[in-house]
Amino acid sequence: MPVLNRIAAFEEDMTAWRKYLHRHPEIGFDCTRTAEFVAGRLREFGIDEIHEGVARTGVVAIIDGRAPGPTIGLRADMDALPMQDESGAEHASITPGRAHTCGHDGHTAMLLGAARYLAETRNFAGRVALLFQPAEETGGGGRVMVEEGVMDRFDIAEVYALHNAPQFEFGSFQTAPGPIMAAVDEFTITVMGKGGHAAHPQTCIDPIPPVAAIAQGCDTIVSRNADPIDRLVVSVTQIHAGSAFNVIPGTATLGGTVRSFTPAMRDLAEARIREIAKGAARMFGVEIAIDYLRDYPATVNHAHEAALAADIAAELVGEARVERAMRPSMGAEDFGYMLAARPGAYLMLGTGGGPLCHHPAFDFRDEVSPLGASFFARLVERRQPLSREAAA
């Protein structure tokens, strides 16, 4: 696999870092130990500036190049998931109910590898801002970083990120201009009726029929309200009601998620869910409460930056192993907040098989780390060369 020779020499270290992080997963914003580990390695590398406590437990590190120039941002997420580690690996999680089953331990190790190389060589102009972010899975650490002014504080001009992808060929890259990951919203609808004995339904106001009607109505939004050309997913994923066979409950709830790529589809889905719920309330004579949360925005690549990132990937692995028109995923990613604030791109790095992300047996493939680190390093050197003619 074509990687930078110096980074190839870091493979054993990157593997050790990654396995340590895998063994000690942290979730959400509670990435204290992870951040301390990251900051410790960065100090060993001689990084110019290390800013801790960003977005509570995030780390932003600055590497100065050899000449004046802009600042490029490179992001890695650090958090794990609240689930059991069933990988069976020697380095499996030692914390019950927490596991690095999305590969963020690998993302962090790859960015540390790139940081070590860039701090040694400094073969670029301007600066590099390394963004080690907590709470990608839940909480929107990317949003918090942006809201805390990271992009302005460090004068970041462009920002890039990689995500491992077991479903793609090992050592391949996938990206696309425009939307690449969906926006995600969550809704909870509480139906309030009147409970009582199941033998006497006439004395009750049963909340279960309206909940069923709302769930069925939500299933029609995509097929009957959305333009078939646009992508939209509306999924009712939870229904909760009752505690005994002979009791009609007083309340029932349902919840679900909406995935979309455009503001118009996002607005349509929310409006129809509210209309369907209110219509069911009138029809069945119940009260309702609707909690609708607009969560992560769509992750939208900037066309120019996505093309440049794909060019750099092709330098490493060859054009045949770079997909420039990747089909967008209905999954969500809070890197969308950073791309809404600055130009940049998000790419997938194929790791070639095994359990998919979020599977309890997932484990990151360390063999790909030198390639991911090489991509980040080459991206900096190509986007911010010491010779401006080289960028033309």
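**Close-up 1. Helices α2 and α3 run roughly antiparallel to each other.** This view, like the others here, comes from a predicted model. The angle between α2 (residues 11–23) and α3 (residues 32–45) is about 160 degrees, and since angles over 145 count as roughly antiparallel, the pair falls in that class. Their axes sit 10 Å apart, and the crossing of α2 and α3 is right-handed. On the α2 side, the contact is built from Trp17, Tyr20 and Leu21. Helix α3 brings Arg33, Thr34, Phe37, Arg41 and Phe45 to the contact. Sort the residues of this α2–α3 contact by type and you get five nonpolar, one polar and two charged.

**Close-up 2. Helices α9 and α11 pack obliquely.** Here we look at α9 (residues 303–317) against α11 (residues 369–383), with an angle of about 125 degrees between them and their axes 10 Å apart. That angle makes α9 oblique to α11. The crossing of α9 and α11 is right-handed. From α9, the residues to look for are Leu308, Ala309, Ile312, Ala313, Glu315, Leu316 and Val317. They meet Leu371, Ser374, Phe375, Arg378, Leu379, Arg382 and Arg383 of α11. The tally for the α9–α11 contact is nine nonpolar residues, one polar and four charged.

**Close-up 3. Glutamine 384, in the segment after α11, is buried.** With a relative accessible area of 3%, glutamine 384 is under the 20% cut-off and so counts as buried. What does its side chain reach? The side chain of glutamine 384 comes to 3.1 Å from the backbone oxygen of proline 70, and to 3.3 Å from the backbone oxygen of arginine 127. Leaving aside residues up to four places away in sequence, glutamine 384 touches Pro70, Thr71 and Ile72, along with Phe124, Ala125, Gly126 and Arg127. Alanine 67 is worth picking out too: 317 residues separate it from glutamine 384 in sequence, yet their C-alpha atoms are 9.7 Å apart in space.

**Close-up 4. Serine 93 is a buried residue in a loop.** The loop in question links β3 (67–77) and α4 (104–121). Serine 93 has 17% relative accessibility, so it counts as buried. A polar atom of the serine 93 side chain lies 3.1 Å from the backbone oxygen of threonine 95. Beyond residues up to four places away in sequence, the residues touched by serine 93 are His22, Arg23, Pro25, Asp85, Arg98 and Ala99. One of these, Arg23, belongs to the stretch that forms α2 (residues 11–23).

**Close-up 5. Alanine 55 and arginine 56 both have positive phi values.** Alanine 55 lies in the loop between β1 (49–54) and β2 (58–64), and arginine 56 lies in the loop between β1 and β2 as well. Phi is near 50 degrees for alanine 55, a positive value in a residue other than glycine. For arginine 56, also a residue other than glycine, phi is near 75 degrees. Buried or exposed: which is alanine 55? Alanine 55 is buried, with a relative accessible area of 0%. Arginine 56, at 55% relative accessibility, counts as exposed.

Methods. Residues are numbered from 1 along each chain as its sequence is written. This is a predicted model: local features need pLDDT of at least 70, side-chain atom pairs count only at pLDDT 80 or more; totals for chains, interfaces and linings use all residues. Side-chain values use heavy atoms; hydrogens and water are left out. Axes are lines fitted to C-alpha atoms, for helices over the stretch in contact, and angles run from 0 to 180 degrees between N-to-C directions. Helices (H or I, at least four residues) and strands (E, at least two) are DSSP runs, numbered from the N terminus. Angles under 35 degrees count as roughly parallel, over 145 as roughly antiparallel, 65 to 115 as roughly perpendicular and the rest as oblique. A crossing is left-handed if the near helix is turned anticlockwise from the far one by less than a right angle, and right-handed if clockwise. Contact means heavy atoms within 4.5 Å. Ala, Val, Leu, Ile, Met, Phe, Trp, Tyr, Cys and Pro count as nonpolar, Asp, Glu, Lys and Arg as charged, and the others, Gly among them, as polar. Buried means under 20% relative accessible area, exposed over 50%, partly exposed in between (1.4 Å probe, protein chains only). A polar contact is a pair of N or O atoms within 3.5 Å; within protein, one must be able to donate a hydrogen and the other to accept it, and residues adjacent in sequence count only if both atoms are side-chain atoms.
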